[in-house]
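Student: I should like to go through this structure by question and answer. Could we begin once the sequence and coordinates are displayed?

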Amino acid sequence: SGTILEEIENMIRNPSYIITLLAEALPKQAQSFISYVIVQTFMNLGTEITRFVPILCAWIRKKFGPNLTEKERRTPWMGLSPICVPPDFDFADVQANLILYYMILFVYSILSPITAYVMGGAFLLFSLCYRHQLLFVYSTENDTGGLLFVRFAKLVMACIIVAEITMFGVLLLKLSPIAAPAVIPLIVLTVLFNMYLGQQHYKVTEYLPSIACVHTDIRNIGELDAADLTKGEYLQPAFQTRYLQPDNMSALIGSESKPESMRFF
């Protein structure tokens, strides 16, 4: 606190000292961000891969929740889900962390090149961990089928522009008469490239071209039967259920057989 007060006092006495302070302090923060990335990566991925919190919640739900029937054992209770129920993947939380990681990478990979190697290792661990979790742990109900990648690409482009503006400010604070103006064309080209992507590529990814649809239908001739695809899909649930019985019937009769008294169709 004493150092902060001293710095504030120096800024008040000499406003030009702010420029020197930012020019010297900003590059020195690379080490702090590297430490933050290492700690956060191992903590988040360690908790994710071990699934300590879901296992603890499932154990509490098993001990204190209703467990009379198989349906009750597979049903969440008071916000606690059994371990057999696959959770939805929180794309928003993971994407927020990735945006911060990209900002650190784009800004400090030039000021401190070792940051690029640390971030590369972090992204590699993220890829291995979440690839496994998405394949074997999480539910696919909230999967957008690739539509989320388009939004993420737009956010990455925004991070690149912000990082370039930050670099321009750092070089300007360091009174670099050649390096600072040289960043301006890079910023302009990045903005133009982002506009180009918005006009062409993003629209293509939102809709499947009709020509591609025609080629797909031609390849599926003789392989797919439209009648089989829709057979039984539009029946009411009462008609789809061939027989009705209590959830714990198998435990009561000691087998999986269906009694004749329970057959309604």
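The exchange below treats confidence, fold, core, pockets and single residues in turn.

The model is predicted, so that local features need pLDDT of at least 70 and side-chain atom pairs count only at pLDDT 80 or more, while totals for chains, interfaces and linings use all residues. Residues are numbered from 1 along each chain as its sequence is written, and side-chain values use heavy atoms, with hydrogens and water left out.

Student: In which helix is confidence highest?
Tutor: The score used is pLDDT, the predictor's confidence in each residue, from 0 to 100. Its mean for the protein chain is 77, and 72% of the residues reach 70 or more. Over residues 255–265 pLDDT stays under 50. Among the helices, the lowest mean, 61, belongs to α14 (residues 249–253), and the highest, 90, to α7.

Student: How many helices and how many strands does the protein chain have?
Tutor: Both kinds of element are DSSP runs numbered from the N terminus, helices being H or I over at least four residues and strands being E over at least two. Read along the sequence, the pattern is α-α-α-α-α-α-α-α-α-α-α-α-α-α. The count is therefore 14 helices and zero strands.

Student: What share of the contacts with a separation of 6 or more joins residues 24 or more positions apart?
Tutor: A contact means heavy atoms within 4.5 Å. Of the contacts in the protein chain with a separation of 6 or more, those between residues 24 or more positions apart account for 61%.

Student: Which element gives the largest share of the largest nonpolar core?
Tutor: Such a core is a set of buried Ala, Val, Leu, Ile, Met, Phe, Trp, Tyr and Cys residues joined through side-chain atoms within 4.5 Å; buried means under 20% relative accessible area, exposed over 50%, and partly exposed in between (1.4 Å probe, protein chains only). The largest core has 22 residues, and V37, Y101, M119, F123 and Y130 have the most contacts inside it. At least two residues each come from α3, α6, α7 and α8. The largest share, seven residues, is that of α6.

Student: Which residues does V37 contact beyond four places in sequence?
Tutor: V37 is one of the core residues with the most contacts inside the core. With neighbours within four places set aside, its partners are Y101, I104, V118, M119 and A122.

Student: Which helix gives the most to the lining of the largest pocket?
Tutor: On a 1 Å grid over the protein atoms alone, a pocket is an open set of points where a 1.4 Å probe fits, with protein on both sides within 12 Å along at least five of seven lines, and lining residues have an atom within 4 Å of a point. The largest pocket holds about 700 Å³, and of its 23 lining residues F89, F91, L98, L134 and L148 are the closest to its centre. At least two lining residues each come from α6 (91–111), α7 (114–136) and α8 (147–173). With seven residues, the most is given by α7.

Student: How many charged residues line the second largest pocket?
Tutor: This pocket has a volume of about 180 Å³, the space filled by probe spheres set on grid points joined across faces, edges and corners. Its lining includes E48, D88, D90 and D93, and the elements giving two or more lining residues are α3 (30–50) and α6. Asp, Glu, Lys and Arg count as charged, Ala, Val, Leu, Ile, Met, Phe, Trp, Tyr, Cys and Pro as nonpolar, and the others, Gly among them, as polar. By class the lining has four nonpolar residues, three polar and, as charged residues, four.

Student: Is R51 buried or exposed?
Tutor: R51 lies in the loop between α3 and α4 (52–64). Its phi is positive, at about 55°, although R51 is not a glycine. Because its relative accessibility is 14%, R51 counts as buried.

Student: Which residues does M103 touch beyond four places in sequence?
Tutor: M103 lies in helix α6. Its C-alpha is 9.9 Å from that of I161, 58 residues away in sequence. Leaving out residues up to four places away, M103 touches C159, V162 and A163.

Student: What is the relative accessible area of V162?
Tutor: V162 is placed in helix α8. From C-alpha to C-alpha, V162 and F106 are 9.0 Å apart, with their positions 56 residues apart in sequence. V162 is partly exposed, at a relative accessible area of 41%.
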